[in-house]
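Dear colleague,

Please find the sequence and structure below, handed over for your use. My notes on salt bridges and strand pairing follow.

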Amino acid sequence: MKWILPLAGAIALAGCQTTEDRADRAERLEAEIAARQGAEVDRICFARNVNGWRALGRDALLLRESVNDWYKVDLAGTCDPEWAFNAIGIETRPAGSSCLSRGDHISTPDAPIGGRCVITAIHEWDEDAEIPDTPEE
């Protein structure tokens, strides 16, 4: 039951974020996706190695293949990429395949309640694309 205190702290901190802060974050995320998301692809082949990842909100994950090749993976399910601190799990079909495609699964074992998501789409991602400034209201 030691995990309750860190979880309680995270929930308390999340509660401190105002509705305006969440709206600003969502707007920045939408601008980043609009600027950097490229064409949809059928699969990405990693030869069984993912060289990095980062969360892109709760419903998407960025995966890095080689040094500078990034892909946005759209997700549906109970995983939470924002909790993928140390590891993510990748389940391909057929098992052991070196390519990731729609219908495969991502899991986030570090989440307080572990989750598993299905990949609904994969897009090329331009990590270096400039993100336009969002207008201030």
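**Salt bridges and their surroundings**

Asp74 is buried, at a relative accessible area of 16%. Please note that this is a predicted model. The side chain of Asp74 forms a salt bridge with that of Lys72, with an N to O distance of 2.5 Å. Lys72 is also buried, with a relative accessible area of 5%. Because the cut-off for buried is under 20% relative accessible area, Asp74 at 16% and Lys72 at 5% both fall in that class.

A second salt bridge brings together the side chains of Arg116 and Glu91, at 2.9 Å from N to O. This pair links distant parts of the chain: Arg116 belongs to strand S9 (residues 115-125) and Glu91 to strand S6 (residues 89-91), and the two are 25 residues apart. Arg116 is partly exposed, with 42% relative accessibility, and Glu91 is likewise partly exposed, with a relative accessible area of 33%.

A third example is the salt bridge between the side chains of Arg93 and Asp104, where the N to O distance is 3.2 Å. Arg93 sits in the loop between S6 and strand S7 (99-101), whereas Asp104 sits in the loop between S7 and strand S8 (105-108), so this salt bridge ties together parts that are eleven residues apart in sequence. The two partners fall in separate accessibility classes: Arg93 is partly exposed, with a relative accessible area of 47%, while Asp104 is buried, at 0% relative accessibility.

In addition, Glu32, Arg36, Arg54 and Glu127 are joined into one network by salt bridges that share partners. The count for the model comes to nine salt bridges.

**Strand pairing**

Strand S5 (residues 69-77) runs antiparallel to strand S4 (residues 60-65), and six bridges join the two. Within this pairing, Leu62 has Lys72 in S5 as its bridge partner; Lys72 is also the residue whose side chain meets that of Asp74 in a salt bridge. S4 and S5 form a hairpin with three residues between them. In the turn of this hairpin, Ser66 has a positive phi of about 60 degrees.

S5 is also joined to S9 by eight bridges, and these strands run antiparallel as well. Here the bridge partner of Trp70 is Trp125 in S9. S9 is also the strand that holds Arg116, the partner of Glu91 in S6.

With kind regards

Note on methods: Residues are numbered from 1 along each chain as its sequence is written. This is a predicted model: local features need pLDDT of at least 70, side-chain atom pairs count only at pLDDT 80 or more; totals for chains, interfaces and linings use all residues. Side-chain values use heavy atoms; hydrogens and water are left out. A salt bridge is a side-chain nitrogen of Lys or Arg within 4 Å of a carboxyl oxygen of Asp or Glu. Buried means under 20% relative accessible area, exposed over 50%, partly exposed in between (1.4 Å probe, protein chains only). Helices (H or I, at least four residues) and strands (E, at least two) are DSSP runs, numbered from the N terminus. Two strands pair if DSSP finds at least two bridges between them.
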